[in-house]
Amino acid sequence: MTKTLSVLFALVCTTAIGAEPTKSLPRSKPEAQGVSSAAVLDFVKTADRQSDSLHSFMLVRHGQVVAEGWWTPYNPTSRHELYSLSKSFTSTAVGLAIAEGKLSLDDQVSKFFPDDMPAGPSSQLKAMRVRDLLTMSTGHTSEPKLAKTDIWTKTFLAHPVTHKPGTFFMYNTPATYMLSAIVQKQTGSSALEFLTPRLFEPLGITEPTWATSPQGISLGGYGLSVRTEDIAKFGQLYLQRGKWGDQQLVPADWIDLATSRQVSNGSNPASDWEQGYGYQFWRCRHGNYRGDGAFGQYCLVLPIQDAVIAITSGTKDMAAILNLVWDKLLLGIEEQALEPNPGAEQQLRETLAKLTLPVQTGETTSPMLSSIDKKRFSIPKNDRELDGISIEKSSDSNVVLVTQSGGSEHRIVCGDHEWIKGKASFGSYPEQAIAACGAWTKENEYTAKLCLYETPFCLTTRLQFTGDEVLVNIESNVGFGQSKWPELIGSAK
């Protein structure tokens, strides 16, 4: 197989690198590509009715974008954190590195990092291969914990390998990091740098970002941020078995291997997480496959329907989104073009153009505002790194939320029943794009919604003022642990 990929790479290197980027996918009306506007509209309205968690959605049929929408403040030009959808891009980097002869599926992991191997390595560890990293069958029964002060490859290799590699599936994000580290070790470039001329530039994916480990290695298993259409392009490339126009960017053999069932991960026919796992791709129900990331970042490829669906979101129930896709969208895709439906098409177009995350409801002002305007409230040391907070009147009906953290002051303008974009830090969250809105939910309570719109996170911040104290309650829409922060108490200076 490796020899085949190496031969195919001769075509890749002569056509992909240096090719003119494709700026955007072509657009078409839904019915012209066999997609029911009414079905798409039903999907969007049901998603809005059942939750406020979708951030963007794009449906591609026969290579044509037939429907697309962003829930304000999310938008077409901003990147979105992919979380584990990053893994599918790392898999692609591995496939291309194999095609270039830099490594093989059956290479032992230990050979790449001899200086990081533990003393007296187990036979199980020595047997671990690149393909075991790709299929999440490293033999671990728990994920290695990678701390900021560690050498991550060394920590991974020191972790007990309980099962024979290749025999036991366990989702393992550090295993994907090892793939990224191997790519960097063998090519001299990070996964981001390696993919830029081979994948990102030919697809017209501009300015992708990928967070790195303390050793400067692309995180691999997460940390990549791209735009919604970039996700759709990536899915379309896979749907076309690695071909983009007249360029074979990724060997078709690799596409077939990566997206096919390589290992079993369960037997429940009703679960999209138990249909088998490939090389950093999940098999789905209905003969489909996907890359996905925490809180609902999806690249869905539907080979039978010749369709791709890209979704970003901030949901606690990832299965609900997939169920909605299968129940609403899948049934609206027909083999042949459909009769035009101008009414449904116009309604869909208008609905998609007006999508928005709900703004905070409540009163525009409160009698209390004049007494607390610019009053600084100091907060005792806490693990959320929020040192102080206050609110100020704006020149209009908006309110400015002012926070202190790390010795710096940050000002966030909260729109009156509208999202206002800015850039700021908030507690332990680093400086980034933020959209905010707010309202008085009680006479003594101001509630602000802070949407970190290049991520899945939206923070609801409730400030309850009583004399010279403020109670600060903050809750995130999603999180890996407790989404509700411990209550903080601020005292007036």
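A pocket is an open set of grid points with protein on both sides within 12 Å along at least five of seven lines, found on a 1 Å grid over the protein atoms alone. I use the word in that sense throughout this notebook, and the model I searched is a predicted one.

**Entry 1, second largest pocket.** I looked up the second largest pocket and found about 570 Å³ of space in it. It has 30 lining residues, and those closest to its centre are Asp52, Ser53, Gly314, Cys458 and Asn477. I then asked which elements give two or more residues to this lining. They are the helices H2 (37-50) and H11 (318-329), together with the strands S1 (54-61), S18, S19 (458-466) and S20 (469-476). By class I noted twelve nonpolar, eleven polar and seven charged residues in the lining of the second largest pocket.

**Entry 2, largest pocket.** The largest pocket came out at about 1,300 Å³. Its lining has 42 residues, with Glu81, Tyr83, Tyr222, Phe457 and Phe480 the closest to the centre. H7, strand S9 (289-293) and S17 are the elements that supply two or more residues. Of these, S17 gives the largest share of the lining, four residues. I recorded the class split for the largest pocket as 20 nonpolar, 14 polar and eight charged.

**Entry 3, cavities.** How many cavities of 30 Å³ or more does the whole structure hold? My search found two.

The largest cavity has a volume of about 50 Å³. I listed its lining as His55, Ser56, Trp70, Tyr74, Asn75, Ser78, Arg79, His80, Thr228, Thr312 and Tyr453. Seven of the lining residues of the largest cavity are polar, three are nonpolar and one is charged.

The second largest cavity holds about 40 Å³ of space. Its lining includes Glu363, Thr364, Ser397, Asn398 and Asp416. Strands S15 (408-416) and S17 (429-442) each supply at least two residues of this lining. The largest share, three residues, is from S15. The classes for the second largest cavity are four nonpolar, five polar and two charged.

**Entry 4, Tyr446.** I followed up Tyr446 as one of the residues lining the second largest cavity. Tyr446 is in strand S18 (residues 445-451). Is Tyr446 buried or exposed? I count Tyr446 as buried because its relative accessible area is 2%, and the cut-off for buried is under 20%.

Next I listed the contacts of Tyr446, leaving out residues up to four places away in sequence. Tyr446 touches Ile391, Val399, Cys414, Gly438, Ala439, Trp440, Thr461, Arg462, Leu463 and Phe465. Val399, Cys414, Gly438 and Ala439 are also among the lining residues of the second largest cavity. For Phe465, I noted that its C-alpha atom is 8.4 Å from that of Tyr446, with the two positions 19 residues apart along the chain counted as their separation.

**Entry 5, H3 and H7.** H7 gives residues to the lining of the largest pocket, and I looked at how this helix packs. Two packed helices are described by the angle between their axes and the distance between the axes. For H3 (residues 86-99) and H7 (residues 173-187) I noted an angle of about 35° and axes 10 Å apart. The crossing of H3 and H7 is left-handed. On the H3 side the contact is made by Lys87, Thr90, Ala93, Val94 and Ala97, and on the H7 side by Thr173, Thr176, Leu179, Ser180, Val183 and Thr187. I logged the contact residues of H3 and H7 as five nonpolar, five polar and one charged.

Technical notes: Residues numbered from 1 in each chain as written. Predicted model: local features only at pLDDT ≥ 70, side-chain atom pairs only at ≥ 80, totals over all residues. Heavy atoms only, no water. Axes fitted to C-alpha atoms, helices over the stretch in contact; angles between N-to-C directions. Left-handed = near helix turned anticlockwise from the far one by under 90°. Contact = heavy atoms within 4.5 Å. Nonpolar A, V, L, I, M, F, W, Y, C, P; charged D, E, K, R; others polar. Buried < 20%, exposed > 50% of the residue type's maximum accessible area, 1.4 Å probe, protein only. 1 Å grid on protein atoms, 1.4 Å probe; cavity = no way out; pocket = protein on both sides within 12 Å on 5 of 7 lines; lining within 4 Å. Points joined across faces, edges and corners; volume = space filled by probe spheres on them.
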